[in-house]
Amino acid sequence: MLSISSCVPSASLSMHEIHKGTGKLGGSRLRFGKEGGNPFSNTRSSGRISMTVAVNVSRFEGIPMAPPDPILGVSEAFKADTSDMKLNLGVGAYRTEELQPYVLNVVKKAEKLMLERGENKEYLPIEGLAAFNKATAELLFGADNPVIKQQRVATVQGLSGTGSLRLGAALIERYFPGAKVLISSPTWGNHKNIFNDARVPWSEYRYYDPKTVGLDFEGMIADIKDAPEGSFVLLHGCAHNPTGIDPTPEQWEKIADVIQQKNQIPFFDVAYQGFASGSLDADAASVRLFVARGMEVLVAQSYSKNLGLYAERIGAINVISSSPEAAARVKSQLKRLARPMYSNPPVHGARIVADIVGNPTLFSEWKAEMEMMAGRIKNVRQRLYDSISSKDKSGKDWSFILKQIGMFSFTGLNKDQSENMTNKWHVYMTKDGRISLAGLSLAKCEYLADAIIDSFHNVS
């Protein structure tokens with residue numbers, strides 16, 4: 001029994017509630033006196049009303065609070081900072097020289113054409129928009145690639161890169177039970193989440209060498225060789241995230257040799273085609289190399305970066321099989337997996353991609369805009385290197401900045417040094433030392449150089 005007079009002195013209940021025998025106090029349901037009896041039955045002896053409080057306990061009480069996302073959480077902290085000097089170099093999203101979001105002009109033109117045509121909003125098939133699937137496969141492999149002409153590619157539109165990877169992971173879990181996925185160390189923060197969620201076991205292969213701030217190629221090859229036959233090897237097609245360090249063409253050949261010898265299956269994550277170098281063909285070279293060898297390959301694609309369609313969630317999962325019959329079966333099962341996940345994909349972004357790739361004028365404009373975006377990032381990368389090199393008199397070699405490619409740079413800063421960048425200099429970045437050069441302007445390069453030099457030399 002809980003006494004209202006002693007526990008909740010400010011409580012006030014209506015006579016209607018008291019006569020009825022129940023009342024609400026805060027979020028709790030109150031019951032007075034004996035069940036079905038006079039609520040005032042004990043007032044003469046005690047001088048106060050006694051009540052039973054039934055507290056509703058949530059069925060979700062045992063669910064713990066999830067930790068903040070290590071990448072998206074950076075933006076939240078950035079927004080809360082009131083400093084005029086703050087920089088958000090955490091999330092991988094392109095910004096103009098004025099550090100504003102950028103909608104490609106060619107995207108605006110494609111959307112205008114869509115409005116003029118009066119497109120409807122009917123459901124797409126499970127596999128997505130046919131025109132998009134054709135365009136994305138041709139963009140990735142080349143329109144004249146034999147695997148397309150032989151119908152050996154199963155392409156299903158996915159929810160950008162993440163959703164496409166997740167669909168590929170589900171295929172592995174269902175039809176390759178027990179198979180392990182090898183993931184680079186380090187890798188994009190969501191890769192492990194995706195395979196964990198799909199219940200696909202994974203292990204890491206060496207990739208980054210902190211001594212050189214470069215590729216640990218020998219370690220990478222050794223770890224792939226040591227992996228079981230039939231394993232899947234997750235590879236970044238270009239502009240490795242988070243390091244920005246890519247194998248050379250010769251190294252890609254050797255990687256393909258080992259994977260082929262071990263009867264393993266390459267699984268490419270292609271998030272930056274055309275955005276890394278400015279060339280769609282150059283950035284697809286690694287994938288095309290493996291396909292040209294006759295290997296069966298999985299490839300996830302995203303159009304978040306190269307077309308700036310971050311919020312449209314447009315991408316694809318491609319599976320190259322050894323025969324058209326196998327490709328047809330794979331596609332049927334990808335559709336079967338997609339149906340209970342999200343039923344069918346969104347249409348808006350798919351139409352944008354299909355219209356741009358399918359229109360020679362828009363396609364040329366897109367390539368020019370990609371070159372512009374990639375060029376701006378290259379200029380920022382060069383300016384940052386020049387600023388650090390001129391300011392730092394320690395003799396440290398910072399040339400690794402120029403050897404990296406794409407929107408990210410792996411600075412080599414450790415966790416404590418990265419926290420100093422944020423706490424002292426208001427530079428927001430992930431704690432592994434990765435910075436997004438796409439969020440940096442030429443005007444801010446000297447300030448960032450000061451922050452990096454201070455954090456590197458004065459924080460252990």
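These questions and answers go through a predicted model, from its overall make-up to single residues.

Me: How many helices and strands does the protein have?
Reply: The protein has 460 residues, of which 50% count as buried. Its secondary structure comprises 19 helices and 17 strands.

Me: What is the mean pLDDT of the protein, and which stretches fall below 50?
Reply: The mean pLDDT is 90, and 88% of the residues reach 70 or more. Where pLDDT is low, the predicted coordinates should not be read in detail. That caution covers 35 contacts in one low stretch and 51 contacts in another, beyond near neighbours in sequence. The stretches below 50 are residues 1–21 and residues 24–46.

Me: Among contacts between residues at least 6 apart in sequence, what share joins residues at least 24 apart?
Reply: The count takes in contacts in the protein between residues at least 6 apart in sequence. Of these, the share that joins residues at least 24 apart is 72%.

Me: What part of the exposed area do carbon and sulfur atoms supply?
Reply: The protein exposes about 22100 Å². The part supplied by carbon and sulfur atoms is 52%.

Me: Which element gives the largest share of the largest nonpolar core?
Reply: The largest nonpolar core has 98 residues, and those with the most contacts inside it include F141, L235, I255 and W366. Another core, of 30 residues, lies apart from it and has A170, L171, I265 and V330 among its members. In the largest core, the largest share is 9 residues, and these come from α16.

Me: Which residues does V427 contact, leaving aside its neighbours within four places in sequence?
Reply: V427 is one of the residues with the most contacts inside the largest nonpolar core. Leaving aside neighbours within four places in sequence, its contacts are L87, L89, M421, T422, Y447, L448 and A451.

Me: Is V297 buried or exposed?
Reply: V297 lies in strand β13, residues 297–302. Outside its neighbours within four places in sequence, V297 is in contact with P266, F268, F290, V291, N318, V319 and I320. The C-alpha atoms of V297 and P266 are separated by 5.3 Å, although the two are 31 residues apart along the chain. Because its relative accessible area is 0%, V297 is buried.

Me: How many residues apart are K109 and E365, and which helices hold them?
Reply: The structure holds 18 salt bridges, and in one of them the side chains of K109 and E365 meet at 2.8 Å, N to O. The pair links distant parts of the chain, 256 residues apart, with K109 in helix α5 and E365 in helix α16.

Me: Which of these counts as buried and which as partly exposed: D355 or R117?
Reply: The side chains of D355 and R117 meet in a salt bridge of 2.7 Å, N to O. D355 lies in helix α15 and R117 in helix α5, so the pair ties together parts that are 238 residues apart in sequence. The cut-off for buried is under 20% relative accessible area. With 18%, D355 is buried, and with 44%, R117 is partly exposed.

Me: Which residues form one network through salt bridges that share partners?
Reply: R293 and E253 also meet in a salt bridge, at 2.9 Å, N to O. R293 lies in the loop between α13 and β13 and E253 in helix α11, so this pair ties together parts that are 40 residues apart in sequence. The network joined by shared partners consists of R117, E119, R351 and D355.

Me: Where does the peptide bond from N241 to P242 lie, and what is its omega?
Reply: Most residues other than glycine have a negative phi, and most peptide bonds are trans. The bond from S185 to P186 is cis, with omega near 5°, and P186 sits in the loop between β7 and α9. The bond from N241 to P242 is also cis. P242 lies in the loop between β11 and α11, and omega of the bond is near 25°.

Me: What is phi of H426, and where does the residue lie?
Reply: L99, in the loop between β5 and α5, has a positive phi, near 65°. H426 is partly exposed, with a relative accessible area of 22%. H426 lies in the loop between α18 and β16, and its phi is near 65°.

Note on methods
Residues are numbered from 1 along each chain as its sequence is written. This is a predicted model: local features need pLDDT of at least 70, side-chain atom pairs count only at pLDDT 80 or more; totals for chains, interfaces and linings use all residues. Side-chain values use heavy atoms; hydrogens and water are left out. Helices (H or I, at least four residues) and strands (E, at least two) are DSSP runs, numbered from the N terminus. Buried means under 20% relative accessible area, exposed over 50%, partly exposed in between (1.4 Å probe, protein chains only). Contact means heavy atoms within 4.5 Å. A salt bridge is a side-chain nitrogen of Lys or Arg within 4 Å of a carboxyl oxygen of Asp or Glu. Accessible areas come from the Shrake-Rupley method with a 1.4 Å probe; for residues, only the protein chains shown count as cover. pLDDT is the predictor's confidence in each residue, from 0 to 100. A nonpolar core is a set of buried Ala, Val, Leu, Ile, Met, Phe, Trp, Tyr and Cys residues joined through side-chain atoms within 4.5 Å.
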